[in-house]
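Please walk through this structure with me, from its charged pairs to its helix packing and backbone geometry.

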Amino acid sequence: MQGRALLVAGVMVAAMTVPVTAASAVDDVNTDKLREAVTVGGIMTHERVLQRIANNNGGTRASGTPGYAASTDYVKKTLKKAGYKVSEQEFEFPYYQEVTPATLSQLTPVAIPIETESLQYSGSGEVSGTLVPTTNVVIPATPEPSSASGCAVADFVPASATEPQVALIQRGTCTFADKVANAVAAGYDAAVMFNEGNPGRTELLTSVTLGAPAAIPVVGISYADGVSLYNATAAGPVTVAVATDIINETRTTTNIIADSKKGNPEKTVVVGAHLDSVLAGAGINDNGSGTSVLLETAVQMAKGKAKVKPRQMVRFAFWGAEESGLLGSEHYVGSLSNDQLSTIYANLNFDMLGSTNYVRFVYDGDGSADPDGAGGPPGSAQIESVFTDYFAGKGMASSPTAFDGRSDYGPFIASGIPAGGLFSGAEGIKTADEAAVYGGTAGEPYDPCYHAVCDTVNNLSTAALNELGDATAHAVMTLAMTKSGFFEDGSRMAQRKEISVEDFDYSGSHLVR
């Protein structure tokens, strides 16, 4: 990755830009009036409303709860007042709630409590039984991931038909859902999943999803605890107790869709942000910030001095159930026919724009940040350049972030639709180089309140909202007004392979494999 020099606090440092992307094919558009109209004050007006909604609804705005319903009411009212054609797309989804934290204990040959966490969509129940590892555990772990533990039913010793048994499974190769399905097929009453043990895969296995409700309790543990349990089973019988207290039920939620009155519907720019929070908190950065920036951009595009008459139709979309695995955007894309999909010109995605220890991350449309990486569909490189060129023109650095399936662009790029967007950072740790360029604190998370109860209106950087909010308004208006569209140059770099849904290790914020 190459960078350019940038003057920060009087010191020349290397900016985290990627100038090797394909040249932008998108027309320059004067966005000054819109950017002036989209203010931090306007954005914060929406943020404060979302905070009040959470305060009045048990501290959450999660899909399937009254807090989410109140959030959709506010978004609909705001967009209708601004003059948009607003519709509500209803869908059912698997609602998941952990009522009390999971527990795991070794009972024999010695009693030992083990740190654990339930996997999203674990079944609920209490099981005490013999622990039986799969036959293909890889201990010690290899330098690179290699374990296929539990990826086939034949990896499991058939469970007892009369006594409870718990499967011990190592992470690796196939999805967690496949491993659990195979454990159920082999007759097990619960499953303990331990991390694989390669670099970056040693800690407590957390933020994992099974994608759909499982028939048995499933919990995760660290590699070290997995090794300890595995070695104990080699010395003789081991019994464990697994307990999960889970609500798994079908609930209904909605996407909110708002179309501009002007613009060619055969070339629709879908501009999206997820509206739901996690159950644990109000979600005012994740993703009240993306929601509020888009709301204010939509309002200012439709009225006042910044009124925009788009050439392409602009569809502002506020997705439900993102925190359950991108379910709202998946439902939307899945509901479209091939002809309808062909009318989508591009997708812009904005998920977290106000992190307190922020970086100006731009989705890596051409895949150039990783030599082995994958780019988005054709046109994604040009969308990336809209953002990076804007930041460069303002003397601000930007850094690439991968298309890894963690947000609602996923279903769009899996359908071949060019995509891009911005991200201010989540639970990842800011590096020393990033701190030198962007300020903030190295060694600390970009958002210390990610998915936590402290993600309130006090968990926002107004500087991030200002900078990323302006870039959002610029990109939305640019794609809405461009005449030339996207086309590949190809003279500066080879086209990398495109991403499919099979490439993703994540479904939203949760690991799938």
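Glu-249 is partly exposed, its relative accessible area being 36%. In this predicted model, Glu-249 forms a salt bridge with Arg-251, and the closest N and O atoms of the pair are 2.7 Å apart. Arg-251 is partly exposed as well, with a relative accessible area of 23%. That value is not far above the cut-off, since a residue counts as buried under 20%.

A second pair can be set beside this one. Arg-360 forms a salt bridge with Glu-467, with the closest N and O atoms 2.9 Å apart. Arg-360 lies in the loop between strand E13 (344-350) and strand E14 (361-363), while Glu-467 belongs to helix H12 (residues 462-481), so the pair ties together parts that are 107 residues apart in sequence. Arg-360 is buried, and Glu-467 is buried too. Elsewhere, Asp-73, Lys-76 and Glu-88 are joined into one network by salt bridges that share partners.

Arg-35 and Asp-32 give a local example. The two residues form a salt bridge in which the closest N and O atoms are 2.4 Å apart. Both lie in helix H1 (residues 32-37), three residues apart, which is about one turn of the helix. How do the two partners stand in terms of burial, buried or partly exposed? Arg-35 has 13% relative accessibility and therefore counts as buried, whereas Asp-32, at 37%, counts as partly exposed. By the rule used here, the count of salt bridges comes to seven.

The next topic is the chain as a whole. The chain has 12 helices and 18 strands. Of its 513 residues, 58% count as buried. The chain exposes about 19800 Å², and carbon and sulfur atoms supply 52% of that area. Among the contacts with a separation of 6 or more, 80% are between residues 24 or more positions apart.

Helix packing can be followed through H6 (residues 288-302). Helix H3 (residues 66-81) packs against H6 at an angle of about 20°, and the two axes are 9 Å apart. Angles under 35 degrees count as roughly parallel, and H3 and H6 are therefore roughly parallel to each other. Their crossing is left-handed. On the H3 side the contact is made by Tyr-74, Val-75, Thr-78 and Leu-79, and on the H6 side by Thr-291, Leu-295, Ala-298 and Val-299.

Helix H2 (residues 40-55) also packs with H6, here at an angle of about 130° and with the axes 8 Å apart. That angle makes H2 oblique to H6. H2 passes H6 in a right-handed crossing. H2 contributes Gly-42, Ile-43, His-46, Glu-47 and Leu-50 to the contact, and H6 contributes Gly-288, Ser-289, Thr-291, Ser-292, Val-293, Leu-295 and Glu-296. Thr-291 and Leu-295 of H6 thus appear in the contact with H3 and in the contact with H2.

Backbone geometry is the last topic. Most residues other than glycine have a negative phi, and most peptide bonds are trans. Which peptide bonds are cis here? One of them joins Thr-108 and Pro-109, with omega about 10°. Pro-109 is placed in the loop between strand E3 (85-108) and strand E4 (112-114). Another runs from Asp-286 to Asn-287, with omega near 0°. Asn-287 is in the loop between strand E11 (264-274) and H6, the helix that packs with H3 and with H2.

Two residues that are not glycine have a positive phi: Thr-173, at about 70°, and Ala-321, at about 55°. Thr-173 is found in the loop between strand E7 (165-170) and helix H4 (176-185). Ala-321 is in the loop between strand E12 (312-319) and helix H7 (327-334). Are these two residues buried or exposed? Thr-173 is exposed, with a relative accessible area of 53%, whereas Ala-321 is buried, with a relative accessible area of 0%.

Terms used: Residues numbered from 1 in each chain as written. Predicted model: local features only at pLDDT ≥ 70, side-chain atom pairs only at ≥ 80, totals over all residues. Heavy atoms only, no water. Helix = DSSP H or I, 4+ residues; strand = E, 2+ residues; numbered from the N terminus. Buried < 20%, exposed > 50% of the residue type's maximum accessible area, 1.4 Å probe, protein only. Contact = heavy atoms within 4.5 Å. Areas by Shrake-Rupley, 256 points an atom, 1.4 Å probe, with all protein chains shown as cover. Salt bridge = Lys/Arg side-chain N within 4 Å of Asp/Glu carboxyl O. Axes fitted to C-alpha atoms, helices over the stretch in contact; angles between N-to-C directions. Parallel < 35°, antiparallel > 145°, perpendicular 65-115°, else oblique. Left-handed = near helix turned anticlockwise from the far one by under 90°.
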